Amino acid sequence: MKIAVCISQVPDTESNITISTDSKNLDLDELDYIINPYDEYALEEALKTKEIFNGEVIVISAGADKNKDALKKALAIGANKAVHLKTNESFDSLNLAKLLYEEIKTHQPVLVFFGKQSADYSNSVTGQITAQLLNYNLLSNVSNLEISENRIIAEREIDGWKEKVSTTFPAVITAEKGLNTPRYPSLKGIMTAKKKPFIEKVIENTLNCTERIELKRPKNKSAGKVAVNSDEGINGLISFLQNEVKIL
Amino acid sequence: MNNNFIVFLEQTDGKITKSSYEVLGAALDLSYKLNCSVEAIVIGKNFVFDESLRLKNLLKITHCKTSNKYLAPSEYANIISGHYSDLVNKDIFFANSSLGKDIAASLAARLDTGIITDCIELSIEEDSIIAVRPIFSGKILDKLKLKGESRIFNLRANNFSPPNKFGDKTEIIIKIIDSFISDFQLLEIIKASGKVDISEAEIIVSGGRGLKDTSNFSLIEELSKILNGAVGASRAVVDAGWRPHYEQIGQTGKTVSPNVYIAVGISGAIQHLAGMNSSKYIVAINKDADAPIFKIADYGIVGDALEILPKLIAELKSLKLKGI
């Protein structure tokens, strides 16, 4: 079974992000980077599936050089092959999906895994757009997966409820938190990763159908009243809910 | 610009969802400024039309009546692209729900159209629609526009006002969609019983490690029930297995903007604040007076959650009894 996984490298979720002086870019160089948390679930599920059905897992990442670290880690965890679509441009989800689609179709995988969203731009549609471009069946926000020879059964988390659906191959699956517990790379994995194929393709002339006007910080909420005595606080809170919020 | 707007109205049991109704409100607001017209599409077996859908500038609502019990997102997208022969020069609006994003993405691929999800603000500058969306879970706001002939926008719940200009020209059209063979089969719907959907909720009562034990979340549940709200949770308690992931608020959970967010025993890590700092009112209850959550709270109580919650619940209950 051939499986592709699309991953990205994002700033650690505890990072403070600063806007550059031109208000059009972010200063992201000094930050610590991690594999996008949702992509770790995607990768783990791909590896688990490979272990049952045999085959290979190809990890693909589009973006700047820092994405190489994510791909190397994925190889160390157990992916068989990595493809880095190297570009310095940032793009919108449509053009990112097109780039990934062009690469994925050359491998003809029966399953393609994505994280359901990235922790940085959180467009949360790249996997879905890619599914349509590939003309694969889409299962988004999957929190439980059962794969058999000819059918996929998935539990999908939808706004506040879940559905269990089944579909056929080939399919794109976007991973929700809780799908599995991602493993860590072993020392042996890190050593063997160096011998695995790592392909770099330089992408030029990328398109972007969004135009940024500016970046800004959300208005800082200023601190309101804080009560230190709990009885006084409870009464104060009730009158706050009654008079200001007007929900009681 | 002479664009027409299309709004996809999501429904459950035939009733338009609150977030889709807000999407309709936002699209109509833009249409008054750009002097263009709006039409809406509803897909599903049933659709209950009511007078709240007769609106100024809303030309028509097409109900695509399907006999298939379950539709996959791509099948919704098939129906939409099949219904509108020409989607060039259109702006298409969706809710930022799970289904809304899946359908919008499928259409974006088919139409080769740019898409902006999770919009919290829309405005017009020089005849173009400008969107604002939070990135890095709300640490930064990205103001941007879409190039190209058509555009797709997904709008976050609780950020746009429902329609307020009523009219009498809205036409209702029913179109029968022939049943088709699907690659998808619905096996089961697992509903969190009696709970309010957290992304649409007006009130969220959220608990963190300050609750000390998973069993104490019954207090959070009780408070949210009295206030008719939804239950949220911090990453720490979800990772500890106290609460399910779908309740998690923050950068690897849900980003919410309710009317009131009540954070109980949550110190306010940056990734948590990112997921809720766009709430209209924030209330914090925490033992540590220096907790970052107090810096953004409109009302705060310093104290032990386990001591305060039972008293607060009792007070609210007695208020309800008095009928206030």
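Helices (H or I, at least four residues) and strands (E, at least two) are DSSP runs, numbered from the N terminus. On that basis chain A comes to six helices and 15 strands. The structure is a predicted model, in which local features need pLDDT of at least 70, side-chain atom pairs count only at pLDDT 80 or more, and totals for chains, interfaces and linings use all residues. Residues are numbered from 1 along each chain as its sequence is written, while chains are lettered from A and ligands numbered from 1 in the order in which they are written.

**Chain A overall**

- Along the principal axes, the C-alpha atoms of chain A fill a box of roughly 65 × 45 × 40 Å.
- Of the 248 residues in chain A, 47% are buried (20 or more other C-beta atoms within 10 Å of the residue's own, against 12 or fewer for exposed and partly exposed in between, with C-beta atoms placed from the backbone).
- Among the contacts in chain A with a separation of 6 or more, 72% are between residues 24 or more positions apart; two residues are in contact if their C-beta atoms, placed from the backbone, lie within 7 Å.

**A:I77**

- A:I77 is placed in helix α2 (residues 67-77) of chain A.
- A:I77 has 22 other C-beta atoms within 10 Å and is therefore buried.
- Apart from neighbours within four places in sequence, A:I77 is in contact with A:L43, A:L47, A:R183, A:P185 and A:G189.
- From A:I77 to A:L28 is 49 residues in sequence and 26 Å in space, C-alpha to C-alpha.

**Interface between the chains**

- In chain B, 79 residues are in contact with 68 residues of chain A.
- Helix α3 (residues 98-111) of chain B gives the most to the side of chain B that touches chain A, namely nine residues.
- That side of chain B has 40 nonpolar, 20 polar and 19 charged residues, where Ala, Val, Leu, Ile, Met, Phe, Trp, Tyr, Cys and Pro count as nonpolar, Asp, Glu, Lys and Arg as charged, and the others, Gly among them, as polar.
- Strand pairing also joins the chains, a pair being two strands with at least two bridges found by DSSP: strand β15 (residues 225-227) of chain A runs parallel to strand β18 (residues 299-302) of chain B over three bridges.
- In that pairing, A:A227 is opposite B:I301 of β18(B).
- Strand β11 (residues 161-167) of chain A and β13(B) are antiparallel and joined by six bridges, with A:E163 and B:I189 as bridge partners.
- Strand β13 (residues 185-191) of chain B has seven residues, of which zero are buried, and is hardly covered.

**Domains of chain B and the core**

- Chain B is divided into domain 1 (4-177) and domain 2 (203-321), with bounds from an automatic or database domain assignment.
- The centres of these two domains, taken over C-alpha atoms, are 32 Å apart.
- Nine residues from domain 1 of chain B and ten residues from domain 2 of chain B take part in the contact.
- On the domain 1 side, the residues are three nonpolar, four polar and two charged.
- The largest nonpolar core (buried Ala, Val, Leu, Ile, Met, Phe, Trp, Tyr and Cys residues joined through C-beta atoms within 7 Å) has 170 residues, and A:V5, A:V59, B:V7 and B:F93 have the most contacts inside it.
- This core lies between domain 1 and domain 2 of chain B, because both give residues to it.
- Leaving aside neighbours within four places in sequence, B:V7 is in contact with B:V23, B:L24, B:A27, B:V38, B:A40 and B:F93.

**β14(B) and its surroundings**

- Five of the five residues of β14(B) are buried, so this strand is largely enclosed by the rest of the structure.
- B:I203, B:V205 and B:G207 point one way from β14(B), and B:I204 and B:S206 point the other way.
- β14(B) is parallel to β16(B) over five bridges, and B:G207 is opposite B:V264 there.
- β14(B) is also parallel to β15(B), with four bridges; B:I204 has B:A230 as its bridge partner.

**Helix α4(B)**

- Helix α4 (residues 217-226) of chain B has B:L219, B:I220, B:L223 and B:S224 as its buried residues.
- These residues are on the same side of α4(B), because they cover an arc of only 130° around the axis, the arc being that of the directions from the helix axis to the C-beta atoms.
- They pack against β14 (203-207), β15 (230-233), β16 (260-264) and α8 (305-321) of chain B.
- B:N228, just after α4(B), takes a positive phi of about 60°.
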